[in-house]
There are 2 protein chains.
Amino acid sequence: MYDVCEWRHVFKLDPNKEIDDELLERVCESGTDAVVVGGSDGVTLENVLDLMVRVRRYPVPCVLEVSSIEMVTPGFDLYFIPTVLNSTDANWITGLHYEAMKEYGELMNPDELIVEGYCIANLDSKAAKLTGVQTKLDAEDVAAYARMTGHLLKLPVFYLEYSGVYGDIAAVQKAANILRDSDTTFIYGGGIRTAEQAKEVGQYADVIVVGNAIYDFPEESLKTVAAVKK
Amino acid sequence: MYDVCEWRHVFKLDPNKEIDDELLERVCESGTDAVVVGGSDGVTLENVLDLMVRVRRYPVPCVLEVSSIEMVTPGFDLYFIPTVLNSTDANWITGLHYEAMKEYGELMNPDELIVEGYCIANLDSKAAKLTGVQTKLDAEDVAAYARMTGHLLKLPVFYLEYSGVYGDIAAVQKAANILRDSDTTFIYGGGIRTAEQAKEVGQYADVIVVGNAIYDFPEESLKTVAAVKK
């Protein structure tokens, strides 16, 4: 089984975005630790399956980050399941999970399920609006969610999601300090598009996620792998 | 450190209820695995401290089950922190925990914090009303919450709370089956007042909680210890 706590870098690919075979090959063979398939807008079972099949041609671990029950399909190595800790709507914390457990629980292999304690830190993002996160979030708040994840719930992953924007490094650093003496892997996502940014965040986060940049700045974003893996 | 997964029986004492020294001694020396201090109505820091000091005269492990931030005090062996998985109100799942982490997180020892994935199964109880739990809950739903706790969130404890009434044995059995192949300890609470009930629930639950009965039927309830520990 793949061990997330040994990872340093992942690419997140959006099933609703086009990627040509050549770039996909470079992503999958970049030396990244995993390719995560995930997105929110326009994600369907069909485009998830399509992308999975294409990634599966390469030996890189292939993970599905589940944002709706409809997109779940067997065939991935791991399933990342977010629970949005700073949501004010119970549905995004345990509600949808309850429905998924009720409907598909028996079919799932617990060893393949990795819960992510999510903190959505870009309050203007679509994800923030969709999940109804708290309307105020400073570095102290991020620290409190990191602590909740690592010291109280003791979840395998704390996912700090700046969704499209480059994060507040002071908050990243605080979260990392808290999680250092826990078994929780600290994943950072949001706005990384250069090797310098990857290196900066990678000093603190265990794993950095490079998402949109792969579509917008492919050359630069491929360099983020070496930036954190050296 | 005390290991909840080796326990079979606990007494839960309410800081807001009177208990004389003689009965308290019999409870603490009954052979139970722990005394849990917890309640909801009229719990204050003062009556929590008072009860803690009295229980501390005996070598039995002494646990605080936290239902409000105000009642938290150092001095207990462990702290049980419920997260009400079937609540529809985010405050009872992660909201209060976030506040506690923000205010007291640095002072807490993660090794002493045990999160309980709570399923409040008596929908007419005060606890159900207070926490705004879902308005329908059958054995399949209980099973889904057990699965969420044991297979998805992988929390240390699943707490099935019938709060004052004796539970649905079919639901208890289903939950136990699901949790058998997990690392989660299954704690059952609600309506146990006889050795027979203790034995029946104890076939399935890892730990049974005897609460109100200690006040109302002390002789009979003291027999529940031997009923599950044999």
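1. Let me start in a loop of this predicted model. A:Ser163 lies in the loop between E6 and helix H6 (169-179) of chain A. Its phi is near 35°, a positive value in a residue other than glycine. At 23% relative accessibility, A:Ser163 counts as partly exposed, because buried would require a value under 20%.

2. A:Lys154 is worth viewing alongside that serine. A:Lys154 sits in the loop between H5 and E6 of chain A, and its phi is near 55°, again positive although the residue is not glycine. The relative accessible area of A:Lys154 is 37%, so this residue is classed as partly exposed. If you check backbone torsions, these are two residues to look up: A:Lys154, with phi near 55°, and A:Ser163, with phi near 35°.

3. Between those two loops comes strand E6 of chain A, residues 157-161. How many of its residues are buried? The count is 5 of the 5, so the strand is largely enclosed by the rest of the structure. The side chains split by direction: A:Val157, A:Tyr159 and A:Glu161 point one way from E6(A), while A:Phe158 and A:Leu160 point the other way. Both sets are buried, A:Glu161 included.

4. E6(A) has a pairing partner in strand E5 (residues 113-120) of chain A, and the two run parallel, joined by 5 bridges. Another partner is strand E7 (residues 185-189) of chain A, again parallel and again over 5 bridges. A:Val157 is a handy residue for finding your way here: A:Glu116 stands opposite A:Val157, and A:Val157 in turn stands opposite A:Thr185 in E7(A).

5. Now to helix H5 (residues 139-152) of chain A, which holds A:Thr149. Is A:Thr149 buried or exposed? Its relative accessibility is 0%, so A:Thr149 counts as buried. Leaving aside residues up to four places away in sequence, A:Thr149 touches A:Leu85, A:Gly117, A:Lys154, A:Leu155, A:Val157, A:Phe158 and A:Thr184. That list ties back to the points above: A:Lys154 belongs to the loop between H5 and E6, and A:Val157 and A:Phe158 are among the buried residues of E6(A).

6. For the overall strand arrangement, chain B gives the picture. A closed barrel of 8 strands runs E1-E2-E3-E4-E5-E6-E7-E8 in chain B, with parallel pairing. On average, neighbouring strands of this sheet are turned by 30° against each other, ignoring direction. One of the pairings in chain B joins strand E4 (residues 78-84) to strand E5 (residues 113-120), parallel and with 6 bridges. B:Thr83 stands opposite B:Gly117 in E5(B).

7. Back in chain A, helix H1 (residues 21-28) has four residues to note: A:Leu23, A:Leu24, A:Val27 and A:Cys28 are its buried ones. Viewed down the axis of H1(A), these buried residues fall within an arc of 135°, so they line one face of the helix. Their cover includes strand E1 (9-13), strand E2 (34-37), helix H2 (45-55), helix H8 (213-216) and helix H9 (218-229) of chain A. The N-terminal end of H1(A) is capped by A:Asp20, with a side-chain oxygen 3.2 Å from the backbone nitrogen of A:Glu22.

8. Helix H8 of chain A, part of the cover over H1(A), also contains A:Tyr215. With a relative accessible area of 17%, A:Tyr215 is buried, because the cut-off is under 20%. What does A:Tyr215 touch, not counting residues up to four places away in sequence? The contacts are A:Leu13, A:Asp14, A:Lys17, A:Glu18 and A:Ile19. The side chain of A:Tyr215 reaches the backbone nitrogen of A:Asp14 at 2.8 Å. A:Tyr215 and A:Ile19 are 196 residues apart along the chain, yet their C-alpha atoms are separated by 7.3 Å.

9. Finally, the relation between the chains. Chain A is superposed on chain B by a rotation of 180° with 0.0 Å of shift along its axis, at an RMSD of 0.0 Å. That is the relation of a two-fold axis. In chain A, A:Ala90 has the C-alpha nearest the axis, 2.3 Å from it. Both copies use the same surface, as 100% of the contact residues of chain A recur in chain B.

How values were computed: Residues numbered from 1 in each chain as written. Chains lettered and ligands numbered in written order. Predicted model: local features only at pLDDT ≥ 70, side-chain atom pairs only at ≥ 80, totals over all residues. Heavy atoms only, no water. Buried < 20%, exposed > 50% of the residue type's maximum accessible area, 1.4 Å probe, protein only. Contact = heavy atoms within 4.5 Å. Least-squares fit on C-alpha atoms with pLDDT ≥ 70 in both. Arc of directions from axis to C-beta. Polar contact = N/O pair within 3.5 Å; in protein donor to acceptor, adjacent residues only side chain to side chain. Pairing = 2+ DSSP bridges. Axes fitted to C-alpha atoms, helices over the stretch in contact; angles between N-to-C directions.
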